[in-house]
Amino acid sequence: MAKEMKKDIEIAQEAKMLPILEIAKRVGLSEDALDCYGKYKAKISLNVLEQYANQKDGKLILVSAINPTAAGEGKSTVTVGLGQALNQIGKNAVIALREPSLGPTLGVKGGACGGGYSQVVPMEDINLHFTGDIHAITTANNALSALIDNHIHQGNELRIDPNQIIWKRCLDMNDRALRSVVVGLGGAVNGVTREDAFQITVASEIMAIFCLASDLQDLKARLKRIVIAYNYDGDPVTAGDLGAEGALTLLLKEALAPNLVQTLENTPAIVHGGPFANIAHGCNSLIATRMALKLGDYVVTEAGFGCDLGAEKFFDIKSRIGHLNPEVLVIVATIRALKMHGGMQKDELTTPSVEALKNGLENLQKHVESAQSYGIPFVIAVNKFTTDTDEEIALLKNWAKDNGYPFSLCNVWEKGGEGGKDLAQKVVEVIAKDRNQFHPIYALDLPIEEKVRTIARVVYGADDVEFLPKARKQMIKFAEFGWDQLPICIAKTQYSISDNAKLLGRPTGFTVTIREFSPSIGAGFLVAYAGSIMTMPGLSKKPSALLMDVDENNCAIGLF
């Protein structure tokens with residue numbers, strides 16, 4: 001029992017990590033392919049993709065979940081545990097994950113490396129500064145902001161309208177005070193006074209570009225296409241017009257190489273890129289995924305939040321841009337979270353309630369139906385908690401059996417890969433049946449309005465979509481610029497399938513409201529803002545940062 005009571009950070013600090021060169025050898029990488037950051041972290045050379053170009057891709061497994069709740073679902077924990085379990089049953093598996101953002105690490109989550117005995121390590125490094133990738137993205141983003149304001153100050157040859165600058169500064173921190181700011185105060189020597197805004201780095205277009213670029217030259221081409229503003233005639237002005245793409249590429253050059261680490265069971269893990277899924281597209285870098293597919297027979301990756309956000313964007317954006325063919329979707333749920341979707345409060349969840357669980361299953365059912373809409377096979381993975389009763393577990397198993405849904409009860413937090421062997425076997429069996437008919441749910445040549453409406457109706461279950469006047473004007477303008485052929489990235493709350501965070505379970509009869517759009521032309525999609533979603537989060541009353549410290553042995557405290 002003592003083992004169960006240890007905190008994630010205690011388990012991670014006791015880990016017996018192997019030198020990263022040994023982890024690399026397990027996937028066929030030589031020392032020459034690595035740039036080591038100490039003993040346990042390394043960047044993998046981009047040349048590896050060229051060297052392995054003729055290597056057959058492994059099987060791609062996507063892990064998603066029901067809509068998250070305050071009770072937690074453990075999606076990253078299941079992702080790591082499944083990768084470990086696949087290796088335990090004799091498969092060559094590699095894990096591909098996002099890098100944690102400092103915003104939620106210091107805010108609510110306290111870390112994002114999995115949990116218990118299914119973690120990626122070194123957990124402290126990954127959760128904090130890691131190899132500096134997110135800092136590089138922040139720097140590139142703000143370098144572009146500085147170049148824009150300097151260009152205007154130095155004469156404004158491009159005739160940029162200061163009132164139509166759409167490029168925001170960024171910071172990898174939850175800081176609500178920066179949502180709306182004024183820059184250039186203090187007279188002419190300090191630049192042109194104008195309103196500006198910050199967003200969190202992981203919501204920035206440069207993060208999205210970083211995670212969707214296929215190589216260094218593609219990165220540069222995408223950076224060049226960034227729309228930074230409109231001129232006085234209403235025409236778009238790009239980073240390329242400013243001549244900024246070369247410097248931005250230089251700032252990101254080293255960061256673009258994926259990071260190799262390991263799990264507690266020494267399973268290779270590639271951790272790279274970290275866009276939010278409620279604001280951005282929510283998937284690790286395309287380069288990292290492609291590299292993992294060349295190095296492993298099975299690749300386990302995840303997409304942020306529930307299937308309505310990360311998985312939808314993985315299928316409709318990342319898979320389309322990257323020509324990926326995911327083989328199976330793992331939908332993670334917990335009995336605790338399902339009971340919250342069924343009407344229980346967080347402080348009631350230790351009380352058994354078959355009725356609340358029955359009601360909450362409607363949320364899981366909707367995500368199953370979404371998977372079916374994409375033609376992709378799925379497995380339901382229930383992450384077991386000690387408070388789950390036999391009656392509740394039996395109800396869940398019978399529900400899945402009655403519906404013919406592949407189902408696995410896993411305990412990877414407590415038992416690591418051993419606790420996910422049944423899930424691993426079921427995933428392998430589903431892939432072996434070769435029933436995958438994966439396809440995106442909309443065609444790119446549909447009008448913007450119809451693409452948004454398709455996502456809202458098919459994935460969210462909405463009755464319709466209302467476009468506010470600003471959004472309607474933007475759709476007309478974007479079509480004139482030829483941007484209507486791009487996929488759609490909807491920014492909305494993660495807590496509900498709808499755009500209203502308070503509507504848990506499976507709401508019906510609702511309308512999604514799109515208030516405005518933002519062009520992410522470099523990334524290659526249009527962002528549609530639904531409801532009241534913000535691109536710069538705030539801290540809670542008692543953020544996780546207040547629990548963090550360093551002890552007398554220079555070890556981190558308070559990273560969950």
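Below, a colleague asks a modeller why certain terms are applied to this predicted model.

Colleague: What kind of model is this, and how are its residues numbered?

Modeller: This is a predicted model, in which local features need pLDDT of at least 70 and side-chain atom pairs count only at pLDDT 80 or more, while totals for chains, interfaces and linings use all residues. Residues are numbered from 1 along each chain as its sequence is written, and side-chain values use heavy atoms, with hydrogens and water left out.

Colleague: Why is lysine 366 called buried?

Modeller: Buried means under 20% relative accessible area, exposed means over 50%, and partly exposed is in between, with a 1.4 Å probe and protein chains only. Lysine 366 has a relative accessible area of 4%, and therefore counts as buried. Its place is in helix H16, residues 354-373, where helices (H or I, at least four residues) and strands (E, at least two) are DSSP runs numbered from the N terminus.

Colleague: Which residues is lysine 366 in contact with, leaving aside its neighbours within four places in sequence?

Modeller: Contact means heavy atoms within 4.5 Å, and on that basis lysine 366 is in contact with Val458, Val459, Tyr460, Gly461, Ile497 and Arg506. Valine 459 is 93 residues apart from lysine 366 in sequence, yet the two are 7.9 Å apart in space, C-alpha to C-alpha.

Colleague: Why does histidine 272 count as buried, and what does its side chain reach?

Modeller: Histidine 272 has 0% relative accessibility, so it counts as buried, and its place is in the loop between strand E15 (268-271) and helix H13 (286-295). A polar contact is a pair of N or O atoms within 3.5 Å; within protein, one must be able to donate a hydrogen and the other to accept it, and residues adjacent in sequence count only if both atoms are side-chain atoms. A polar atom of the histidine 272 side chain lies 2.8 Å from the backbone oxygen of alanine 255, and the side chain also reaches the backbone oxygen of leucine 256 at 3.5 Å.

Colleague: What makes H13 a mostly covered helix?

Modeller: Nine of the ten residues of H13 are buried, among them Leu286, Ile287, Met291 and Lys294.

Colleague: What makes a set of residues a nonpolar core, and which members of the largest one touch the most others?

Modeller: A nonpolar core is a set of buried Ala, Val, Leu, Ile, Met, Phe, Trp, Tyr and Cys residues joined through side-chain atoms within 4.5 Å. The largest has 137 residues, of which Leu29, Leu144, Ile228, Ile514 and Phe517 touch the most other members. Apart from it lies another core, of 23 residues, among them Val78, Val330, Val332 and Val412.

Colleague: Why is one empty space called a cavity and another a pocket?

Modeller: On a 1 Å grid over the protein atoms alone, a cavity is a set of points where a 1.4 Å probe fits but cannot get out, whereas a pocket is an open set with protein on both sides within 12 Å along at least five of seven lines; lining residues have an atom within 4 Å of a point. Grid points are joined across faces, edges and corners, and a volume is the space filled by probe spheres set on the points. The structure holds two cavities of 30 Å³ or more, of which the largest has a volume of about 60 Å³ and the second largest about 30 Å³. Helix H8 (residues 133-153) gives the most to the lining of the largest cavity, with three residues, while H14 gives the most to that of the second largest cavity, with four residues.

Colleague: What is the volume of the second largest pocket, and which residues are closest to its centre?

Modeller: The second largest pocket has a volume of about 1000 Å³, and of the 40 residues that line it, Ile165, Ile166, Lys168, Glu516 and Ser518 are the closest to its centre. The largest share of this pocket's lining, six residues, comes from E22.

Colleague: Why does arginine 159 count as partly exposed, whereas asparagine 554 counts as exposed?

Modeller: Arginine 159 has 37% relative accessibility and therefore counts as partly exposed, while asparagine 554, at 65%, counts as exposed. Arginine 159 has a positive phi of about 60 degrees although it is not a glycine, and asparagine 554 has a positive phi of about 65 degrees.
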